[in-house]
Amino acid sequence: MQGCDGSILLDGAESEKLAAPNLNSVRGYEVIDAIKADLEKACPGLVSCADVVALAAKYGVLLSGGPDYDVLLGRRDGLVANQTLANNNLPSPFDNITVIIQRFKDVGLNTTDVVILSGAHTIGRSRCVLFSGRLANFSAANSVDPTMDPALASSLQQLCRGGDGNQTAALDAGSADAFDNHYFKNLLAKKGLLSSDQGLVSSPDGAAATRALVQAYSYNSQRFLCDFGDAMVRMGNIAPLTGSAGQIRKKCSAAN
Ligand code: HEM
């Protein structure tokens, strides 16, 4: 959680996997571990787990129809996880846009990066527990969040009703598996799933800081795809360990 050092992959009492923003949310650790095991057979001690994560993100984007961007490599792996930092510093879907912008700023990313990188929610899913507060008992005046399209709200109410909160819905309704700019079009149609998505357009601070960018990306798919690749490179450069700092782990779940 200090930067892109693969610390999220470490097991143990301090594990960032157990931090509230990650627990039951971050998936696919077994995929990273399997890639790393294959790599260690082919070329031992050469590719860090931090680089494996960056490459997996690149190919995930590419294979779902997104842009091809060059990933910088050479990160080394951290020796320790820090659950407290993971709990305190990761943006939450319940944060308002001003707070999310600040969280990004704290790691050297700007407001434009917030909008571009939120565009990653063009693929994937979220559990009901993270948006069901928008569907019932929302406020004294409105039982449902008025910034959510009523038809979307009623289909989500059906999906989430009676469950344990772990049912999942598409972050980008109607286009969950394609990496495109449909997410931004949905936000303009009040079809964002998380409050932190819809807030980019519908909240007062989002209207001031981010709405115009959402509109721009909703009109211009090429610009989104191109800017997304650049922003991923910037995010992947957050405090990497280089030189003789850290190590190349043999297994991603434990320091050597
Ligand atoms: C702006 C701040 C962000 C917030 C508040 C946020 C929040 C969330 C939440 C709550 C989920 C659902 C987790 C669950 O169901 O347990 C999610 C999923 C996801 N997020 Fe974000 N996120 C943010 C930024 C990002 C960024 C920067 C990326 C990548 C560039 C990203 C990529 C994803 C993807 C791909 C999923 C779907 C995962 C899956 O289907 O397994 N998010 N995010």
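**Note on the ligand site and two helix contacts**

1. The ligand is surrounded by 22 residues. Ser25, Arg27, His121, Arg125 and Arg127 are the closest of them. Please keep in mind that this is a predicted model.

2. Start with the metal. The ligand carries an iron atom, and the protein gives that iron a single donor. The donor is NE2 of His121, at 2.1 Å. His121 sits in a loop, with helix H5 (111-118) on one side and strand S1 (125-127) on the other. A polar side-chain atom of His121 is also 2.9 Å from a nitrogen atom of the ligand.

3. Two arginines make polar contacts with ligand oxygen. For Arg27 the side chain is involved: one of its N or O atoms is 2.8 Å from an oxygen atom of the ligand. For Arg127 the backbone is involved: a backbone N or O atom lies 2.8 Å from an oxygen atom of the ligand.

4. Which elements give two or more residues to the shell around the ligand? They are helix H4 (97-106), H5, S1 and helix H11 (221-236). S1 provides the largest share, 3 residues.

5. The make-up of the shell is mixed. By class, 11 of its residues are nonpolar, 8 are polar and 3 are charged.

6. Now the packing of H4 with H5. The axes of these helices are 9 Å apart, and the packing angle is about 105°. An angle from 65 to 115 degrees counts as roughly perpendicular, so H4 and H5 are roughly perpendicular to each other. H4 brings Ile100, Ile101 and Phe104 to the contact. H5 brings Thr111, Asp113, Val114 and Leu117. In this contact 5 residues are nonpolar, 1 is polar and 1 is charged.

7. The other helix pair is H10 (residues 211-219) with H11. Their axes come within 5 Å and cross at roughly 110°. H10 and H11 are therefore roughly perpendicular to each other. On the H10 side, the contact uses Leu213, Ala216, Tyr217 and Tyr219. On the H11 side, Ser221, Arg223, Phe224 and Asp227 meet them. The classes here are 5 nonpolar, 1 polar and 2 charged residues.

8. To link the points: H4 and H5 pack against each other at about 105°, and both are among the elements that give two or more residues to the ligand shell. H11 is also among those elements, and H11 meets H10 through residues including Phe224 and Asp227.

How values were computed:
Residues numbered from 1 in each chain as written. Predicted model: local features only at pLDDT ≥ 70, side-chain atom pairs only at ≥ 80, totals over all residues. Heavy atoms only, no water. Donors = N, O, S within 2.8 Å, 3.2 Å for Na, K, Ca; no water. Helix = DSSP H or I, 4+ residues; strand = E, 2+ residues; numbered from the N terminus. Near = heavy atom within 4 Å. Polar contact = N/O pair within 3.5 Å; in protein donor to acceptor, adjacent residues only side chain to side chain. Nonpolar A, V, L, I, M, F, W, Y, C, P; charged D, E, K, R; others polar. Axes fitted to C-alpha atoms, helices over the stretch in contact; angles between N-to-C directions. Parallel < 35°, antiparallel > 145°, perpendicular 65-115°, else oblique. Contact = heavy atoms within 4.5 Å.
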